[in-house]
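Thanks for coming, everyone. Let me put the structure up, and then we'll walk through a few places in it.

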Amino acid sequence: MPAPSGVVVVDCFGAPQVRPKKYLLACGDGNNQLVRLRWSSWGPRTATATGIDMVNNCRPYCAAGRFVPYPVRVTLSHPKPWPGHADASRFTMIRLVYPRAAPHPVPHDVTYRLVY
């Protein structure tokens, strides 16, 4: 599938996404996913949304755990050229800000590098 021109976020499967409604954070085990994303902006440098971070509490262990919802503000940033896609850049950083509780032991404001 050809990538859209402009800036995208790349999902766990290497597919380009623009304003996705959900985004899997834990590619290896699926225990952390952003859902119900509502994008207020999607620009050439940043994109911002609000949504829910669904996190498996892994109690007593992950297979028996339950998913707990955490309201979150999401910011994508630091677009870089996307290798092999001349007309597209990809966001390389994601910032999550939890206005209420954050999943233990995650801080209320955390930034991760997107490596996909």
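Let's start with one residue: is Asn 56 buried or exposed? Asn 56 is buried, because its relative accessible area is 8%, and the cut-off for buried is under 20%. Before I go on, please keep in mind that this is a predicted model.

So where is this residue? Asn 56 sits in strand E5. That strand covers residues 47-56. Now look at the side chain. Two polar contacts stand out here. One goes to the backbone nitrogen of Cys 58, at 2.8 Å. In the other, a polar atom of the Asn 56 side chain lies 3.0 Å from the backbone oxygen of Cys 62. What else does Asn 56 touch, leaving out residues up to four places away in sequence? The list is Asn 31, Cys 62, Gly 65, Arg 66 and Phe 67.

We have now met two cysteines, Cys 58 and Cys 62. They belong together. A disulfide joins Cys 58 to Cys 62, with the sulfurs 1.9 Å apart. Which hand does this disulfide have? The torsion about its S-S bond is about 95°, so it is right-handed. Cys 58 is partly exposed, with 24% relative accessibility. Cys 62 is partly exposed too, at 34%.

Stay with Cys 58 for a moment. Cys 58 lies in the loop between E5 and E6. Its phi is near 55°, which is a positive value in a residue other than glycine. The loop between E5 and E6 also holds Pro 60. Look at the bond just before that proline. Arg 59 and Pro 60 are joined by a cis peptide bond, with omega about -5°.

On to the disulfides as a set. How many are there? The count comes to 2 disulfides. The other pair is Cys 12 and Cys 27, with sulfur atoms 1.7 Å apart. Here the torsion about the S-S bond is about -80°, so this disulfide is left-handed. Where does the pair sit in the chain? Cys 12 is in the loop between strand E1 (6-10) and strand E2 (16-17). Cys 27 is in the loop between strand E3 (23-24) and strand E4 (32-42). The two cysteines are 15 residues apart, and the pair links distant parts of the chain. Cys 12 has a relative accessible area of 22%, so it counts as partly exposed. Cys 27 is also partly exposed, at 31%. Number the bonded cysteines in sequence order, and the pairing reads 1-2, 3-4.

Back to backbone geometry. A second cis peptide bond joins His 104 and Pro 105, with omega about 5°. Pro 105 is in the loop between E7 and E8. Then there is His 78, in strand E6. His 78 is not a glycine, but its phi is positive, at about 55°. It counts as partly exposed, with 46% relative accessibility.

Next, another proline. Is Pro 44 buried or exposed? Pro 44 is exposed, because its relative accessible area is 68% and the cut-off for exposed is over 50%. Find it in the loop between E4 and E5. Apart from neighbours within four places in sequence, Pro 44 is in contact with Val 7 and Pro 79. For a sense of distance, take Asp 109. Its C-alpha atom and that of Pro 44 are separated by 23 Å, and the two residues are 65 apart along the chain.

Last stop, the pocket. The largest pocket has a volume of about 190 Å³. Its lining has 15 residues. Which of them are closest to its centre? They are Leu 25, Ala 26, Asn 32, Leu 96 and Tyr 112. Three strands each give two or more residues to the lining: E5 (47-56), E7 (88-97) and E8 (109-113). And the make-up by class? The lining has 12 nonpolar, 1 polar and 2 charged residues.

One quick recap before we stop. We began with Asn 56, which is buried. Its side chain reaches the backbone nitrogen of Cys 58, and Cys 58 is joined to Cys 62 by a disulfide. We ended at the largest pocket, where strand E5 is one of the strands that give two or more residues to the lining. Thank you.

How values were computed. Residues numbered from 1 in each chain as written. Predicted model: local features only at pLDDT ≥ 70, side-chain atom pairs only at ≥ 80, totals over all residues. Heavy atoms only, no water. 1 Å grid on protein atoms, 1.4 Å probe; cavity = no way out; pocket = protein on both sides within 12 Å on 5 of 7 lines; lining within 4 Å. Points joined across faces, edges and corners; volume = space filled by probe spheres on them. Helix = DSSP H or I, 4+ residues; strand = E, 2+ residues; numbered from the N terminus. Nonpolar A, V, L, I, M, F, W, Y, C, P; charged D, E, K, R; others polar. Buried < 20%, exposed > 50% of the residue type's maximum accessible area, 1.4 Å probe, protein only. Polar contact = N/O pair within 3.5 Å; in protein donor to acceptor, adjacent residues only side chain to side chain. Contact = heavy atoms within 4.5 Å. Disulfide = S-S within 2.5 Å.
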